[in-house]
Each structure stands twice: as C-alpha cells, then as structure tokens.
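User: I am in my first year and would like a close look at one part of this structure, the helices that pack against each other. Could you take me through that part slowly and then place it in its surroundings?

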Amino acid sequence: MVAAAVDRLGRNVVDCLNTGCKMRDEGKLLLTYGHDGPWNLDDPADENRFTVEAWGAQMELRSIQRRNRDATVRVRTAGRPRHQPSYGFRYVRKVMNGRVDSVELHPHAAVVIRNVAQRILADPMNVTPRSEAARWNRIGELAPADHTDVMYGKPARGRRWYPTSLKNILLSEAALGYLMHRGKPVIDQEGNPVRLCEGLWDRMTHDALKKVLAARGVPFKGKPRHSNHPYLLTGIALCGNCHSGLYTQTSADVLLLSPAPVLRF
C-alpha cells in the first residue's frame with residue numbers, strides 16, 4: 001500500500017494503526033512519502049513515528065470539524081442558509097459560487113408542489129402522497145434530488161418520486177419560508193422564526209395538510225386500510241396469526257413472479 005502521507009491512511013489514530021498493523025500482520029509493504037523505505041511497525045522508532053503522525057491526522061480532523069461547526073453556527077445566527085435549498089425554493093447569488101444573497105421561490109418547482117398540496121386538500125380521500133408521486137413519475141417530472149442537480153448544472157440521474165419524501169416536503173415548515181435546523185425553524189433573538197422569503201403556502205394551509213396527512217397514517221388494529229383500488233379482499237383479509245389487515249404489494253419484483261397483486265402482512 002502506497003500513500004502520500006500517514007494521514008491519507010486514516011483520519012484518526014485507530015484507523016491508521018489498524019491499517020498499519022493489518023499490513024504488518026499480512027506481510028505486506030506500507031509506503032508513505034517522506035519516510036525512508038517501508039514502514040516497519042515492529043521497530044520501536046518506526047512505531048512511535050507512525051503513531052505520532054497518525055495522532056497529527058486526528059488533531060487536524062478535529063480542527064477542521066470545529067471550524068466547520070463554528071462557520072455553520074455563525075451563518076445560522078446571521079439568518080443565512082448554508083445547505084441546499086428546500087424543494088420549491090432557490091438561492092440567489094450576485095457572484096457565481098459566492099455567498100447566498102437571498103432566497104426566492106423556484107418558478108417551476110413551486111408550482112409543482114403547490115399543485116400537489118391543492119389536489120390533496122381538495123380530495124383527501126382519493127389523492128394521497130403515494131398517488132401524487134406515481135403521477136409525477138408517469139409524467140416524467142424531475143424528482144426533488146434530480147431537480148436540485150439540474151439546478152446546479154449537473155445531469156439528472158432518473159431518480160423517482162417517493163411518497164415519504166413528498167409527504168416530508170408537504171409537512172416541513174421549510175415550506176413556510178423559514179430557515180430550518182434539524183427539522184425545526186431557527187428562532188431569532190426576539191423568539192420569532194427566521195424567515196428567508198415568502199412561503200409556498202400560509203400557516204392555515206400548512207395546518208390543514210398536517211391534519212389531512214396525519215389522518216392517513218398507519219392504520220391501527222381493527223381499522224380497515226384505505227385503498228384507491230377495488231381489490232375484493234380490501235378490509236376483509238386478515239392475518240391468521242396476528243389478525244392484522246393484509247395489504248397488496250405490486251412492486252416490479254413481485255409482478256415478475258405473479259401477474260396478480262400479492263397479499264402480504
């Protein structure tokens with residue numbers, strides 16, 4: 001194994017020593033730039049020097065992590081975003097690759113996610129995150145991850161919309177235009193959420209979405225599972241062991257084996 005330095009073998013003492021000892025025990029050569037010949041960890045001098053350079057790599061990593069944390073805290077305290085924009089928003093920079101000067105609604109993505117919210121609120125019994133994700137996949141609308149890649153000049157990778165991620169977008173308070181940290185709005189010194197720009201919808205719509213989507217959670221025992229398809233055993237077929245309701249699985253892998261939906265529990 002050849003590396004530019006010991007700190008390229010690992011970023012802490014444990015990783016470096018484990019790698020070095022593994023190479024020694026297997027009788028393989030370990031070479032790094034700046035060291036005269038292969039490392040011999042059976043020699044006390046080489047062992048001590050290797051350990052000291054590994055310790056230096058660990059201290060460097062801790063220093064980098066501390067600087068990154070401090071920079072993140074400073075940016076968040078100043079009310080500026082640091083990570084990728086939430087779906088439906090985009091960052092505005094006056095200088096290419098410079099700091100984010102402002103945040104605004106994305107002209108296309110905002111329309112897409114607002115359309116989803118309107119359809120769910122208009123017909124919550126039949127329109128769900130799952131049906132909306134399937135609809136966008138059929139249409140060929142860019143999934144949130146691909147949309148972000150394209151927005152930053154990268155090619156789309158053909159990723160799909162998923163019900164869970166769509167539901168998270170609808171329920172997140174980031175849709176209200178707030179600066180978020182660990183899933184919650186950042187609070188300023190006056191106790192108010194830090195707002196980056198206008199939201200995709202207002203608080204009333206946000207609360208209505210929460211109420212509708214919460215009502216469509218995992219069904220508890222004895223409550224029939226809602227389905228948009230007229231399967232004959234919907235709400236009737238139960239597991240003979242735990243008595244939980246059976247549901248249909250129509251994924252591509254299952255359909256390769258059987259053309260009909262398969263009941264699982």
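Analyst: What follows is a walk through the packing of a few helices, and then through some residues elsewhere in the chain. Please keep in mind that this is a predicted model, and that the values below are computed from it.

To set the scene, the protein has 8 helices and 8 strands, and 30% of its 265 residues are buried. Among the contacts with a separation of 6 or more, those between residues 24 or more positions apart account for 46%.

We can start with helix α3, which covers residues 109–122, and helix α6, which covers residues 163–171. Their axes are 11 Å apart and the two helices pack at an angle of about 90°. Since angles of 65 to 115 degrees count as roughly perpendicular, α3 is therefore roughly perpendicular to α6. On the α3 side the residues that take part are Ile113, Val116, Ala117 and Ile120, and in α6 they meet Leu166, Ile169 and Leu170. Sorted by class, this contact has 7 nonpolar residues, with no polar and no charged ones. A general point helps in reading such lists: an α-helix has 3.6 residues a turn, so residues three or four places apart point the same way.

Helix α6 also packs with helix α7, residues 203–214, and here the angle is about 145° with the axes 9 Å apart. From α6 come Lys167, Leu170 and Leu171, which meet His206, Leu209, Lys210 and Leu213 in α7. By class, the contact of α6 with α7 has 4 nonpolar, 1 polar and 2 charged residues. Leu170 of α6 appears in the contact with α3 and again in the contact with α7.

A further helix belongs to this picture, namely α5, which spans residues 144–151. Its buried residues are Pro144, Asp146, His147, Thr148 and Asp149, and these pack against α3 and α6. Just after α5 comes Gly153, which takes a positive phi of about 85°.

Now we can turn to the aromatic rings, of which a search of the whole structure finds 3 pairs. One of them joins Trp39 and Phe50 in an edge-to-face arrangement, with 5.2 Å from centre to centre and 75° between the planes. Trp39 lies in the loop between β2 and α2, while Phe50 belongs to helix α2, and the two are 11 residues apart. Trp39 counts as buried because its relative accessible area is 9%, and Phe50 is buried as well, at 0% relative accessibility. Ring pairs also link Tyr87, Trp136 and Trp161 into a cluster. Within that cluster, Trp136 has a charged partner, for the charged end of Arg135 sits over the ring of Trp136, 4.3 Å from its centre.

Two loop residues complete the tour. Arg182, in the loop between β5 and β6, has a positive phi of about 55° although it is not a glycine. With a relative accessible area of 77%, Arg182 is exposed. Asp188 is found in the loop between β6 and α7, and at 30% relative accessibility Asp188 counts as partly exposed. Although Asp188 and Ala78 are 110 residues apart in sequence, their C-alpha atoms are 9.2 Å apart in space.

Notes:
Residues numbered from 1 in each chain as written. Predicted model: local features only at pLDDT ≥ 70, side-chain atom pairs only at ≥ 80, totals over all residues. Heavy atoms only, no water. Axes fitted to C-alpha atoms, helices over the stretch in contact; angles between N-to-C directions. Helix = DSSP H or I, 4+ residues; strand = E, 2+ residues; numbered from the N terminus. Parallel < 35°, antiparallel > 145°, perpendicular 65-115°, else oblique. Contact = heavy atoms within 4.5 Å. Nonpolar A, V, L, I, M, F, W, Y, C, P; charged D, E, K, R; others polar. Phe/Tyr/Trp six-rings, centres within 6.5 Å; stacked < 30°, edge-to-face > 60°. Buried < 20%, exposed > 50% of the residue type's maximum accessible area, 1.4 Å probe, protein only. Lys NZ or Arg CZ within 6 Å of the ring centre and 35° of its normal.
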